[in-house]
Amino acid sequence: MLFRSCGYVPNTSKTARLLELLAASREKVLVFSRFTATLEDIGRRLSESGIGFSVFQGNMSAADKDRAVLNFQNGAHVMLCSEIGGEGRNLQFCSTMVNFDLPWNPMKIEQRIGRIHRIGQTRDVFIFNLCAVGSLEARLLDLLTEKIRMFELVVGEVGSILGNLDGGEEFESLVLNLWMQSHNDQELEHSFDALGQSLLEAQEQYVQTKELDEALFGDDYE
């Protein structure tokens, strides 16, 4: 049956690329995924490859979370982390992060980065985003990197830019609606081009507001 064939797909290209990255890196690596099943599958592959790792998820007790971070800091090469699991933790001893999947909300991507790119970080931070060619994730990543250059922004600026978007919709809902309303790849491409233009206009509005605030308040502006 078709649904049985699609139920479990071992050795995905994403997992293969992750293993290649880990094999080439001597640094500790924080791996994010929104899905528990995905983290479990990655954990199986890491175990098969002899790579030590810890797991940090939102449903764990405070003591288990502390142990996971301590294990990551003092021994494990990798920490697998869920979306909610990374909140409130500072991991400046790590400087490499992998987004195994991308949230549709750029602010959540920024929150992930904020776990390692913050006060106390003394090294360059490297962010790797794994996306399948032609996927919605790939379109979103291209939008964020090519239009507003998200990974060059200061933490907090993404939220200010998104707040200037017309319509007042949550960004995830906006992307979902574009996907659902597009009948083919051409329509989806056109919709994302329009969204990209909206992001550029929102960014320009933010820059103008920031420049005005700096001119008015000078050194008192933050």
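**Exercise 1. Locate the salt bridge between Arg17 and Glu20, and state how the two residues sit in their helix.**

Step 1. Arg17 and Glu20 are three residues apart in helix α2 (residues 13-24), so about one helical turn separates them. Helices here are DSSP runs of H or I with at least four residues, and strands are runs of E with at least two; both are numbered from the N terminus.

Step 2. The side chains of Arg17 and Glu20 meet in a salt bridge, 3.3 Å from N to O. The term means a side-chain nitrogen of Lys or Arg within 4 Å of a carboxyl oxygen of Asp or Glu.

Step 3. Check the exposure. Arg17 is partly exposed, at 47% relative accessibility. Glu20 is partly exposed too, with a relative accessible area of 47%. Buried means under 20% relative accessible area, exposed means over 50%, and partly exposed lies in between (1.4 Å probe, protein chains only).

Before going on, note the ground rules. This is a predicted model, in which local features need pLDDT of at least 70 and side-chain atom pairs count only at pLDDT 80 or more, while totals for chains, interfaces and linings use all residues. Residues are numbered from 1 along each chain as its sequence is written, and side-chain values use heavy atoms, with hydrogens and water left out.

**Exercise 2. Give an overview of the chain: its elements and its buried share.**

Step 1. Count the elements. The chain has nine helices and five strands.

Step 2. Read them from the N terminus on: α-α-β-α-β-α-β-β-α-β-α-α-α-α.

Step 3. Turn to burial. The chain has 222 residues, and 39% of them count as buried.

**Exercise 3. Work out the strand order of the sheet and find its edges.**

Step 1. Five strands form an open sheet in the order β2-β3-β1-β4-β5, with parallel pairing. Two strands pair if DSSP finds at least two bridges between them.

Step 2. At the edges stand β2 (53-56) and β5, each with a single partner strand, so one side of each has no neighbour in the sheet.

Step 3. Add the twist. From one strand to the next it averages 20 degrees. Axes are lines fitted to C-alpha atoms (for helices over the stretch in contact), and angles run from 0 to 180 degrees between N-to-C directions.

**Exercise 4. Trace the bridges from β3 through β1 and β4 to β5.**

Step 1. Start with β1 and strand β3 (residues 78-81). They run parallel, joined by four bridges. Phe32 stands opposite Cys81 in β3.

Step 2. Move to the other pairing of β1. Strand β1 (residues 29-32) pairs with β4 in the parallel sense over four bridges. Here Leu30 stands opposite Met97 in β4.

Step 3. Continue from β4 to strand β5 (residues 126-129). This parallel pairing has four bridges. Thr96 has Phe126 in β5 as its bridge partner.

Step 4. Follow the connection. From β4 the chain crosses through helix α5 (residues 106-113) to β5, in a right-handed β-α-β crossover. Right-handed means that, with the strands pointing away from the viewer, the path from the first strand over the helix to the second runs clockwise.

**Exercise 5. Which way do the side chains of strand β4 point, and are they buried or exposed?**

Step 1. Recall the rule. In a regular strand, side chains alternate between the two faces of the sheet.

Step 2. Apply it to β4 (residues 96-99). Thr96 and Val98 point one way, Met97 and Asn99 the other.

Step 3. Classify them. All four are buried.

**Exercise 6. Describe two salt bridges that involve Arg112 or Arg139.**

Step 1. Asp101 forms a salt bridge with Arg112, with the closest N and O atoms 3.4 Å apart. Asp101 is in the loop between β4 and α5, and Arg112 is in helix α5, 11 residues apart.

Step 2. Both partners are buried: Asp101 has a relative accessible area of 4%, and Arg112 has 1%.

Step 3. Arg139 and Asp185 also meet in a salt bridge, at 4.0 Å from N to O. Arg139 lies in helix α6 (residues 136-146) and Asp185 in helix α9, so the pair ties together parts 46 residues apart in sequence.

Step 4. Arg139 is buried at 17% relative accessibility, whereas Asp185 is exposed at 52%.
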